[in-house]
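Trainee: I have this predicted model open on my screen, and I'd like a close look at one part of it. Please take me through a sheet and the helices around it, strand by strand.

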Amino acid sequence: MRAQDLIQQKRDGEELEPEQLAALVDGYTCGEVPDYQMAAFCMAVFFRGMSDAETAALTRAMLYSGEVLDLSDIPGVKVDKHSTGGVGDKVSLALAPIAAACGVKVPMISGRGLGHTGGTLDKLEAIPGFQVRLPVERFREILASVGACLIGQTERIDPADRKLYALRDVTATVESIPLIAGSIMSKKLAEGIDALVLDVKVGKGAFMRKTEDARKLAHTLAGIGRATGKKVVALLTAMDEPLGRTIGNALEVAEAVEVLRGGGPDDLRELTVALTAEMVLAAGLAGGHPEARRMVLGAIADGSALAKLEEIVAAQGGDPAAIRDPERLPRAASTRVVAAPRPGLVQAVDARALGIAAMTLGAGRSRVEDPVDPSVGIVLQKKTGDYVEEGEPLCVLHCGSAGAASPDEVAGRVRDAFRIGTVPAEPRRLVLERIA
Ligand code: URA
């Protein structure tokens, strides 16, 4: 196989055979196919798409680039959740411990920030000492003893996604249904799960801006999962404005802890409860949605979910004191208020613009090797539907000493991300559809 022939075939709209995709993925994983060829291939897929058969073959090739875990010796139903990517989406940080406190086993392999969206691994690493790179044996031990373990792709588990994910992030090749499906499902199938709950985001801040594209992605993901015998449920959820009030790694950890303490912003709490209840149901631990929700709310109210997060953090080398007292999380060097230029009603908050702004402050990467500053980000003081006076804070920037852009420049972009008018915004639903 010559990589350039496969790139050319895909560029010209031809369908590739499973063996060709397997050879390309294997070649890339072991370093024989260089980044520049794989980037060209991803761009060809971005424009030409893939058939269902090609998408399934790509997923299989990525899945078998590493080990596929067999967790059948660990008692309990294993259920994971994955989001297709949003801004301010810290749901996994609260959901994993809540689900584990309810008795679900949660083996979670997550990703880093991708495009303008944040990643669970970067958020977890904001907790001092937290290890997202663990040997498979330790992952199994923690899952068995604590009930949840959250790690990244490794050299042993889905190494193809480990490389491809980082490459797509910096080559504008993220927003492609086959590439997203291959990335998500290869990781999830490698985990040894019984069931999967998907949060498929749709809107201006999502990779899928149109509902029909998000629905197609949900069906593609669910089809791959079901073909391998997994139970899959997908919620299509709105991602026009950021979820919750924080964007940025340490800020988002603190907000997830608020949810576990029974507080937190309404939208974040609502989505966390809805997705975790789906996990409890998928695990067969509740007879219906009302009971699953009661269990989830109970685990928050009795403190067992918060205690479970502390346990997970301690097991993965982190400092549980930073969960008990989020003031111990990394703090930004300085803050800067972004004020409203005029009075009025907030009609929209552009999640994509704020995601990019947080990235330029240092919360995400624009090159594979860029470091992430866990302390920086944005705290929203106003969201869609709120009234704001002229000069009142719209949000607060948490700035580091070495962001890619000056705080002045970021402040200007952030101010423009808030649409202020006189007419109230249309009320929006958070959970748009359930696909089971
Ligand atoms: N999440 C992933 O793991 N991969 C993608 O491509 C998008 C979201």
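**A sheet and its helices**

Mentor: Happy to. Let's start with a helix on the sheet: H10 (residues 211-227) lies across E4, E5 and E13, and its direction is at about 165 degrees to that of E5. H12 packs on this sheet too, touching E1, E4, E5 and E13, and its direction makes about 170 degrees with that of E5. Please keep in mind that everything here comes from a predicted model.

Now the sheet itself. It is open, with 4 strands in the order E1-E4-E5-E13, and its pairing is mixed. Strand E1 (79-83) and E13 are at the edges with a single partner strand each, so one side of each has no neighbour in the sheet. On average, neighbouring strands are turned by 15 degrees against each other, direction ignored.

As a reminder, the strands of a sheet are held in pairs by backbone hydrogen bonds, and the pairing can be parallel or antiparallel. Let's go across the sheet from the E1 edge. E1 and E4 run parallel, joined by 5 bridges; if you want a spot to click on, find Ser83, which stands opposite Asp199 in E4. Next, E4 (residues 195-202) is joined to E5 by 8 bridges, and these two strands are parallel as well. Here the pair to look for is Lys201 and, opposite this residue, Thr237 in E5.

The last step is where the mixed character comes in. E5 pairs with E13 (residues 431-435) in the antiparallel sense, over 4 bridges. Thr237 turns up again: this residue stands opposite Val431 in E13. Thr237 is therefore a handy landmark, facing Lys201 as well as Val431 in E13, with E5 pairing in the parallel sense with E4 and in the antiparallel sense with E13.

How does the chain get from E4 to E5? The two strands and helix H10 make up a right-handed β-α-β unit. As for E5 (residues 231-238), 7 of its 8 residues are buried, so this strand is largely enclosed by the rest of the structure.

Let's turn to H12 (residues 266-282) and its helix partners. H12 and helix H13 (residues 289-301) pack at an angle of about 115 degrees, and their axes are 8 Å apart. That angle makes H12 roughly perpendicular to H13. The crossing is right-handed. From H12, the residues that meet H13 are Val273, Thr276, Ala277, Val280 and Leu281, and their counterparts in H13 are His289, Ala292, Arg293, Met295, Val296 and Leu297. When you look at such a list, it helps to recall that an α-helix has 3.6 residues a turn, so residues three or four places apart point the same way.

The other partner is H5 (residues 91-101), which packs with H12 at an angle of about 40 degrees, the axes being 9 Å apart. H5 is thus oblique to H12, and this crossing is right-handed too. On the H5 side you will find Val91, Ala94, Leu95, Ile98 and Ala99; on the H12 side, Leu271, Thr272, Leu275, Thr276, Met279 and Val280. Notice that Thr276 and Val280 of H12 appear in the contacts with H5 and also in those with H13.

H5 deserves a moment of its own. 11 of its 11 residues are buried, so this helix is largely enclosed by the rest of the structure. Among these buried residues are Ser92 and Pro97. Just after the helix comes Gly103, with a positive phi of about 105 degrees.

Finally, try one residue from another helix: Ile180, in H9 (residues 177-190). Is Ile180 buried or exposed? There are 22 C-beta neighbours inside 10 Å of this residue, and since 20 or more is the cut-off, Ile180 counts as buried. Apart from neighbours within four places in sequence, Ile180 is in contact with Thr84, Phe207 and Leu217. Leu217 takes you back to where we began, as its number falls in H10 (residues 211-227), the helix that lies across E4, E5 and E13.

Definitions and conventions
Residues are numbered from 1 along each chain as its sequence is written. This is a predicted model: local features need pLDDT of at least 70, side-chain atom pairs count only at pLDDT 80 or more; totals for chains, interfaces and linings use all residues. A residue is buried if 20 or more other C-beta atoms lie within 10 Å of its own, exposed if 12 or fewer, and partly exposed in between; C-beta atoms are placed from the backbone. Two strands pair if DSSP finds at least two bridges between them. A crossover is right-handed if, with the strands pointing away from the viewer, the path from the first strand over the helix to the second runs clockwise. Axes are lines fitted to C-alpha atoms, for helices over the stretch in contact, and angles run from 0 to 180 degrees between N-to-C directions. Angles under 35 degrees count as roughly parallel, over 145 as roughly antiparallel, 65 to 115 as roughly perpendicular and the rest as oblique. A crossing is left-handed if the near helix is turned anticlockwise from the far one by less than a right angle, and right-handed if clockwise. Two residues are in contact if their C-beta atoms, placed from the backbone, lie within 7 Å.
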